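Notebook open, structure loaded. I want to see how a few pieces pack and pair, starting with a pair of helices.

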Amino acid sequence: MTIRVAGICTAIVAATAATVASAATPPVQPIPINPGGPNMPAATATLSDRKAGAKPVALTIRVHYEMVCGQPGLGTAIITIPAAATVPRSIPASAVLVNGKSAPAVEVNGHQVTVSMPVHRGVTCLVVGPGTLTLLLTHDAGLGNPRAAGTYAIHIRRNRLAFTAKVAISA
Amino acid sequence: MRARLVLAGLATCIFVLLPGSAAAVLGRQADTTPSLTAAGTPPHIFGPRVATLKHSNPAAAPCPLDAGGGLFIACYGPLELGQAYNFPRNLDGKGQTIVIVDAYGSPDIQQDLATFDQVFNLPAPPSLTVINARGTGATDGSGALSDWQSETTLDVEYAHAMAPGAKIVLDVAASDDNDDINSAEAQVLPRYPGAIVSQSFGEDENAPDTANANLASHLIYAGATLIGDSILASTGDFGASDGNSPPVPVAAYPASDPLVLAVGGTEGSPYVQSFSGGTILGAGLLENNGYGAEQVWNETGCCAVPVATGGAPSVIFPRPPWQNGFTTNHGRTVPDVSYNAAILGGVVTVTSCYTPDVPNGCDPTDPFFSLIGGTSAGSPQWAAIVALANEARGMRGQRGLGLVAPALYAIAKNPHAYQQDFHDVTSGNNVLGSGNDPGADPTQGFFAGQGFDDATGLGTPNVANLVSDLVSVKPFDNPGLPNPGMGGHHGKPDHWHQKHPHTAEPGA
């Protein structure tokens, strides 16, 4: 039985994979294969307050991808906030939670917020399967909604994987 | 015969094909549809509801996965794995007990296993006993039940799938703190003499503050081995260096314990194959309903971070006598053996909790298929192999194998038996992030080669042949040997020779 999936991303991967098919150890482009399960988007974003111009607002982002024992893995999550939104020049690490715990470090460059992933210590299970990374930019992060109503895109990049979530701002 | 289920028009995502400016992807959408959870629908390369599948062959896995655009993802169910590794049809593990050790467990495991059996046309196990062990009040556990649910599902379903006649005991530790895991094993293992124990977890063997816990664990294993238990563990998912920086090879515990059979990972070879209908990723393990070929598990394209099989010489435990002649490493070398661990080319599980930390992500009445990989897949399936061997031995009036590794190395010393019983994995490496690049830095990992090697050990099994030979092997009679030398061995491991490991050919 074959499960068919269609979409723009898979076409890109197919083209990429085909070009390397003959290599002994071919590079394969990232494929977020277990993002969120049926009827769930690969990434979601929710605001504590959807009203235009509201500030401060808390932003919760969830992205789903393959993880070892549910751990998000090392590296960074780069969040690109819509240009119409307000982003302070700096955000304290304590204002950003990664899976419920304070981020090790947070850097702000314009509307790009880079969140370092925590290092997992201790025993870990060794299953690689679907997992969820939850990023919470709390009120203390100082984000502000766009002044105009509409739907805005938030982009999240986890190392080689990239996701897009949308938020709706009401009048 | 394979049917086709078409779930068209599902995927919308963005791939970062090349590193680039994040600003380039910044954009405001003019979409007028209010939505808090937009972003389109994800690429459901996996995750169909079990109920939606109409199997023409109930035993076959819903594989390969059609990702669209001529791209397919290999995956395997019990039938396919049985074909690839030549599991015998006349044995099912009857009379044996497999103990699965996990933290936190899974509240839906009973129902998920029942669904799994229904989907793959398997009989229910004689029993599935879930023991929620008392905790120690330890505070270092992750507290992440959801992280271990997929692990529990994989372990139970595939230990059972490959030895469906064996009893399954799920030993659930109160947390993934070392003390709680030790406590769970101390409570349960003495109750099951002759059991096969699977542990799909680990930690750097020389991680801070773990010496006492590892010693306690070793004593538990010694006691269990004395009552005839066989103990297995997976070697890790972050390559030889276990993801550490700098990337210096390090073995993981409990796999590095000489009383444990350490199971590493492989992937199919070639990993990418073209055919008239397109391209398939993760293929190669199964060809024409039989064994294809494998290489070291080292994937870079599946996940946000690279993954590869763990494997390195221990700096705590000296080389056990049964590894003499196979390696010149001074330390006990892991893995002993290997098994498919690919993600693209992984196994199919049935789970109620696809994303347990997402609202409505769990529904025991409407489970999903899930694609799972990691060295976690190997430990429970090798446990099943030991169960089959013990069953066969029982038919001949022989007692179970107990400590397994000496028996496997004894077989491998005979070149003919080694060739018949193992698939010698000779390509790839476990340098994390290399994707099996032959030019990878040899100081960061180990390369596969002829015979035993530090990346895949003896290789993967031809189960029917191996079990046949394991029937006549004399069990190792002195599990107290060798002295594990906890903390007493600090010799430099011979990983400086990893590019061309100084390993002896079987029979040397």
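I began with the crossing of α2(B) and α3(B), and it is right-handed. This is a predicted model, so I take what follows as read from a prediction. The two axes, α2(B) and α3(B), lie 10 Å apart, at an angle of about 45°. That angle makes α2(B) oblique to α3(B). I then listed who touches whom: α2(B) contributes B:Ile109, B:Asp112, B:Leu113 and B:Phe116. From α3(B) the contact takes in B:Thr152, B:Thr153, B:Val156, B:Glu157 and B:His160.

Next, α2(B) by itself, residues 109-119. Which of its residues are buried? I get B:Ile109, B:Asp112, B:Leu113, B:Thr115, B:Phe116 and B:Val119. Around the axis they span an arc of only 160°, so they sit on the same side of α2(B). I also checked what lies over them: the cover includes α3 (145-162) and the strands β7 (128-132), β8 (167-173) and β24 (346-351), all of chain B. Just past the helix I noted B:Asn121, which follows α2(B) and has a positive phi, near 60°.

β24(B) turned up in that cover, and I followed it to its neighbour. β24(B) pairs with β25(B) through five bridges, in the antiparallel sense. For one register point, I have B:Val348 bridged to B:Leu371 in β25(B).

How many residues of β25(B), 368-372, are buried? Five of the five, so the strand is largely enclosed by the rest of the structure. Side chains in a regular strand alternate between the two faces of the sheet, and I sorted the residues by side. B:Phe368, B:Ser370 and B:Ile372 are on one side, B:Phe369 and B:Leu371 are on the other, and both faces are covered.

I stepped back to chain B as a whole. I count nine helices and 27 strands in chain B. Of its 508 residues, 63% are buried. Taking contacts in chain B with a separation of 6 or more, 80% are between residues 24 or more positions apart.

Last entry, over to chain A. I traced an open sheet of five strands there, ordered β2-β3-β10-β5-β6, with antiparallel pairing. Its edges are β2 (43-47) and β6 (101-102) of chain A, each paired on one side only. I looked at one of those edges: β2(A) is joined to β3 (residues 59-68) of chain A by five bridges, running antiparallel. There I wrote down A:Thr46, whose bridge partner in β3(A) is A:Thr60.

Technical notes:
Residues are numbered from 1 along each chain as its sequence is written. Chains are lettered from A and ligands numbered from 1 in the order in which they are written. This is a predicted model: local features need pLDDT of at least 70, side-chain atom pairs count only at pLDDT 80 or more; totals for chains, interfaces and linings use all residues. Helices (H or I, at least four residues) and strands (E, at least two) are DSSP runs, numbered from the N terminus. A residue is buried if 20 or more other C-beta atoms lie within 10 Å of its own, exposed if 12 or fewer, and partly exposed in between; C-beta atoms are placed from the backbone. Two residues are in contact if their C-beta atoms, placed from the backbone, lie within 7 Å. Two strands pair if DSSP finds at least two bridges between them. The arc is that of the directions from the helix axis to the C-beta atoms. Axes are lines fitted to C-alpha atoms, for helices over the stretch in contact, and angles run from 0 to 180 degrees between N-to-C directions. Angles under 35 degrees count as roughly parallel, over 145 as roughly antiparallel, 65 to 115 as roughly perpendicular and the rest as oblique. A crossing is left-handed if the near helix is turned anticlockwise from the far one by less than a right angle, and right-handed if clockwise.
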